[in-house]
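Open the model in your viewer and keep the selection panel at hand. This tour goes stop by stop, saying what to select and what to find there.

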Number of protein chains: 2
Amino acid sequence: MSRTPPHPTRDQIELPLLLDCLSDPTRLAIVYNLSRHDPAATELRCGDFNAFSGKSNLAYHFAKLREAGVIQTRIAGTTRYMKLRRKDLDARFPGLLDAILKSATRDAERLQFPECEVVSAA
Amino acid sequence: MSRTPPHPTRDQIELPLLLDCLSDPTRLAIVYNLSRHDPAATELRCGDFNAFSGKSNLAYHFAKLREAGVIQTRIAGTTRYMKLRRKDLDARFPGLLDAILKSATRDAERLQFPECEVVSAA
DNA sequence: CAATTAGTTCAATAAATATTGAACATTGGA
DNA sequence: TCCAATGTTCAATATTTATTGAACTAATTG
């Protein structure tokens, strides 16, 4: 079947939820890594983040990100591909995601983001 | 004596803490109201926010905002005057506060921010 | 000095969030 | 069909955060 899990519409994205989502270090690290691979329109797999935490904990954080409207999850076979909802976020809150990502990039060293090990192919 | 409470230096302001601070509806409402009075360089008093919550709960939120580097608290006599640390925040994370405030303004109605009752004089 | 005003601090509780491991589901391949 | 791989879901626990009221501190005023 390969149903996609439920995502909020663009309009349903809420500011406090979005900020809360990105205030968590693990989730910010995920989004930061997604953003650095996203320009090439590349999606990442859940498994690419296994260095960040345990699988079930990651599933928890991915669900939060999805429910807050930060990422789009696509199921293909046995793997989930995720990407940032850049367009939706920027339409809903212009400049916000960019400002956060720029801030995160600026502080990347201080924040000690783990790097994901990309195994996925396009 | 009138000691000022401890504030982080500009450099000590941390992104996750900042986002977490602003993800709370009560604190976002406080910051939103501060921002709308701040252009005139006006400070607001704790008491101006009494409609938002109980005094001790407000003290808790003000402390969080202060410790995260969002606001500057100045004690004068028996009242505390607060203002946004716009310059510091914008130096530390360029464009971030503006983007958040713009987003909050855009969603002001949806977020149902209470309005503070300004009693203070300049 | 007693009373008032402004706000903090503390202790207790409530509520929300994060973390872990085990069991489960789904898909693809041998 | 059976096995391995990828993630999810659930239940239990741990941790953090928010809320409340009472007691307290400091400054001002009569």
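**Stop 1: a phosphate beside chain B**

Select H61(B) and DNA strand D. A phosphate oxygen of the strand lies 2.7 Å from a polar side-chain atom of H61(B). Keep in mind that this is a predicted model.

Now add R27(B). An N or O atom in its side chain is 2.8 Å from a phosphate oxygen of DNA strand D. Then cross to chain A and pick G47(A). Here the backbone takes part: one of the N or O atoms of the G47(A) backbone is 2.9 Å from a phosphate oxygen of DNA strand D.

**Stop 2: the whole surface near strand D**

Widen the selection to the 19 residues around DNA strand D. Which of them come nearest? They are G47(A), K55(A), R27(B), Y60(B) and H61(B). On the DNA side, sugar and phosphate make up 55% of the strand D atoms that come within 4 Å of the protein.

Color by secondary structure next. Three elements each give at least two residues to this surface: α3 (55–67) and β3 (79–84) of chain A, and α3 (55–67) of chain B. The largest share is that of α3(B), with five residues.

Color by residue class. Near DNA strand D you will find nine polar, six charged and four nonpolar residues.

**Stop 3: over to strand C**

Select DNA strand C and the 20 residues around it. R27(A), Y60(A), H61(A), K55(B) and T78(B) come nearest. Of the strand C atoms that come within 4 Å of the protein, 60% belong to sugar and phosphate.

Three contacts deserve a click:

- R27(A): a polar side-chain atom is 2.9 Å from a phosphate oxygen of DNA strand C.
- S56(A): a polar side-chain atom is 3.2 Å from a base oxygen of DNA strand C.
- R80(B): a backbone N or O atom is 3.5 Å from a phosphate oxygen of DNA strand C.

Which elements give two or more residues to the surface near DNA strand C? Highlight α3 of chain A, then α3 and β3 (79–84) of chain B. The largest share, five residues, belongs to α3(A). By class, the surface near DNA strand C holds 10 polar, six charged and four nonpolar residues.

**Stop 4: one copy onto the other**

Hide the DNA and show chains A and B. Superpose chain B on chain A. The rotation is 180°, with 0.0 Å of shift along its axis, and the RMSD is 0.0 Å. The two copies are thus related as by a two-fold rotation axis.

**Stop 5: where the chains meet**

Select the interface. On chain B, 25 residues are in contact with 25 residues of chain A. The copies meet through the same surface, because 100% of the interface residues of chain B are also interface residues in chain A. Together the two chains bury about 2100 Å², and 57% of that lies on carbon and sulfur atoms.

Turn on polar contacts. Between chain B and chain A, 10 residue pairs are in polar contact. The interface also has six salt bridges. To see one of them, select E14(B) and R110(A): their closest N and O atoms are 3.3 Å apart.

Which elements of chain B give two or more residues to the side that touches chain A? Select α1 (15–23), α4 (86–92), α5 (96–106) and α6 (108–111) of chain B. This side of chain B has 14 nonpolar, seven charged and four polar residues.

**Stop 6: a bridge inside chain A**

Over all chains, the structure holds 16 salt bridges. For the last stop, zoom in on E43(A) and R74(A). They form a salt bridge whose closest N and O atoms are 2.6 Å apart. Where does each partner sit? E43(A) is in the loop between α2 (25–37) and β1 (44–45) of chain A, and R74(A) is in strand β2 (residues 71–76) of chain A, so the pair ties together parts that are 31 residues apart in sequence.

Note on methods. Residues are numbered from 1 along each chain as its sequence is written. Chains are lettered from A and ligands numbered from 1 in the order in which they are written. This is a predicted model: local features need pLDDT of at least 70, side-chain atom pairs count only at pLDDT 80 or more; totals for chains, interfaces and linings use all residues. Side-chain values use heavy atoms; hydrogens and water are left out. Copies are superposed by least squares on the C-alpha atoms of residues with pLDDT of at least 70 in both. Contact means heavy atoms within 4.5 Å. A residue is near a molecule or strand if one of its heavy atoms lies within 4 Å of it. A polar contact is a pair of N or O atoms within 3.5 Å; within protein, one must be able to donate a hydrogen and the other to accept it, and residues adjacent in sequence count only if both atoms are side-chain atoms. Helices (H or I, at least four residues) and strands (E, at least two) are DSSP runs, numbered from the N terminus. Ala, Val, Leu, Ile, Met, Phe, Trp, Tyr, Cys and Pro count as nonpolar, Asp, Glu, Lys and Arg as charged, and the others, Gly among them, as polar. Buried area is the accessible area (1.4 Å probe) that two parts lose on being put together, summed over both. A salt bridge is a side-chain nitrogen of Lys or Arg within 4 Å of a carboxyl oxygen of Asp or Glu.
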